[in-house]
Amino acid sequence: MKQIPLAIAFETERSFDSFVVGANGMAIAHLQSLHAGSAPVYLWGPSGCGKTHLLQALARQFQHQGGQVGWFSAGEPAPWALDERRALIVFDDCDRFDPDQQQAAFALFVDATTRGIPVAAAGRVPPVDLSLRDDLRSRLGWGHVLAITPLSEAESRAALRREADRRGLFLSDDVMDYLLTRFARDLKHLMALLDRLDEFALANKRTVTVPLLKQMIEEEKRA
């Protein structure tokens, strides 16, 4: 478990403003309205669709309001401590929780809902399809279950263009086409690829072209 400090360094600013909405406007509006006493909320969708981004944005919102956030993910081994000072409990990657994490999550969930502390969780499948202990699975489905829809190709292209412009990085149509047809199209992977490409172009003092992108991929394979 980790308490998320306000100064935590994400790859990009994980906020509601920086999230590319696409067809997820209602889900984002619901998350932005969460407050003490709100019913639990569970986000589901394929890897890379933005679930963790939205959970981090929600955590930032609570922190900016002065609240403490308990963040628990499959990468954080149990036991997980209870803390009555928290204003929000977050469970990420619920579908990958091991038995000890499931037990800890159930205890935290019961404690939080008893105290009126909102719980936000995410996984790749709806709660009913989670391979978890019955009591935790049923509680994750108690409140609002929101499907997060991946971006279309046009929306992914627009998001890439916006991030490149923010960096002062020019991406030609050829480079954009190559990125969107040769690699995973979800923003998680595309933004990570853009990070590496930006750094590679700066290190080599060259503009971004398809040959430069191919060179970077080849060097990464040999590394």
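**Group meeting: salt bridges, strands and a few odd backbone spots**

Okay, let's start with one residue. D198 is buried, with a relative accessible area of 14%. Keep in mind as we go that this is a predicted model. So who does D198 meet? Its partner is R167, and the two side chains form a salt bridge at 3.1 Å, N to O. R167 sits in helix α5 and D198 in helix α7, so this pair ties together parts that are 31 residues apart in sequence. R167 itself comes out as partly exposed, because its relative accessibility is 24%. And the pair isn't on its own: salt bridges with shared partners join E163, R166, R167, D195 and D198 into one network.

Let me stay with E163 for a second. You'll find E163 in helix α5, which covers residues 153–167. Buried or exposed, then, for E163? It counts as buried, because the relative accessibility is 10% and the cut-off for buried is under 20%. The E163 side chain also makes a polar contact with the side chain of R166, at 2.7 Å.

How many salt bridges does the structure hold? The count is 16. I'll show you two more of them, each inside a helix.

Take R115 and D111. Their closest N and O atoms are 3.0 Å apart, and that's a salt bridge. Both residues lie in helix α3, 4 residues apart, about one turn of the helix. On accessibility, R115 counts as partly exposed at 46%, while D111 counts as buried at 18%.

Next up, D134 and R137. Their side chains meet in a salt bridge at 2.3 Å, N to O. Again we're within a helix: both lie in α4, residues 134–140, and they're 3 residues apart, about one turn. D134 is exposed, with a relative accessible area of 53%, and R137 is partly exposed, at 21%.

Now, strands. If you pull up β2, residues 41–44, you'll see it paired with β5, residues 119–123. The two run parallel, and 4 bridges join them. To get your bearings there, look for L43, which stands opposite A122 in β5. β2 also pairs with β6, residues 144–147; that pair runs parallel too, with 4 bridges joining the strands. The marker here is W44, standing opposite A147 in β6.

Some backbone oddities, then. Where is there a cis peptide bond? Go to A78 and P79: the bond from A78 to P79 is cis, with omega near 10°. P79 is in the loop between β3, residues 68–73, and β4, residues 86–92.

There are also a couple of positive phi values to mention. D93 has a positive phi of about 60°, although it is not a glycine. You'll find D93 in the loop between β4 and α3, the helix at 99–115. It's partly exposed, with a relative accessible area of 24%. K205 is in the loop between α7, residues 187–204, and α8, residues 210–222. Its phi is near 55°, a positive value in a residue other than glycine. Why does K205 count as exposed? Because its relative accessibility is 79%, and exposed means over 50%.

Cysteines next, for anyone wondering about disulfides. The count comes to 0. C49 is in no disulfide; the nearest cysteine sulfur belongs to C94, and that's 13 Å away. To count as a disulfide, the two sulfur atoms would have to be within 2.5 Å. C49 is buried, with a relative accessible area of 10%. C94 is in no disulfide either, the nearest cysteine sulfur being that of C49, 13 Å away. C94 counts as buried too, because its relative accessibility is 0%.

Last thing: confidence. The chain averages a pLDDT of 90, and 94% of the residues score at least 70. Which stretch stays under 50? That's residues 2–12, and for those the model has 22 contacts beyond four places in sequence.

Back to where we began, then, with buried D198 in its salt bridge with R167. That's what I had, thanks.

Notes
Residues are numbered from 1 along each chain as its sequence is written. This is a predicted model: local features need pLDDT of at least 70, side-chain atom pairs count only at pLDDT 80 or more; totals for chains, interfaces and linings use all residues. Side-chain values use heavy atoms; hydrogens and water are left out. Buried means under 20% relative accessible area, exposed over 50%, partly exposed in between (1.4 Å probe, protein chains only). A polar contact is a pair of N or O atoms within 3.5 Å; within protein, one must be able to donate a hydrogen and the other to accept it, and residues adjacent in sequence count only if both atoms are side-chain atoms. A salt bridge is a side-chain nitrogen of Lys or Arg within 4 Å of a carboxyl oxygen of Asp or Glu. pLDDT is the predictor's confidence in each residue, from 0 to 100. Contact means heavy atoms within 4.5 Å. Two strands pair if DSSP finds at least two bridges between them.
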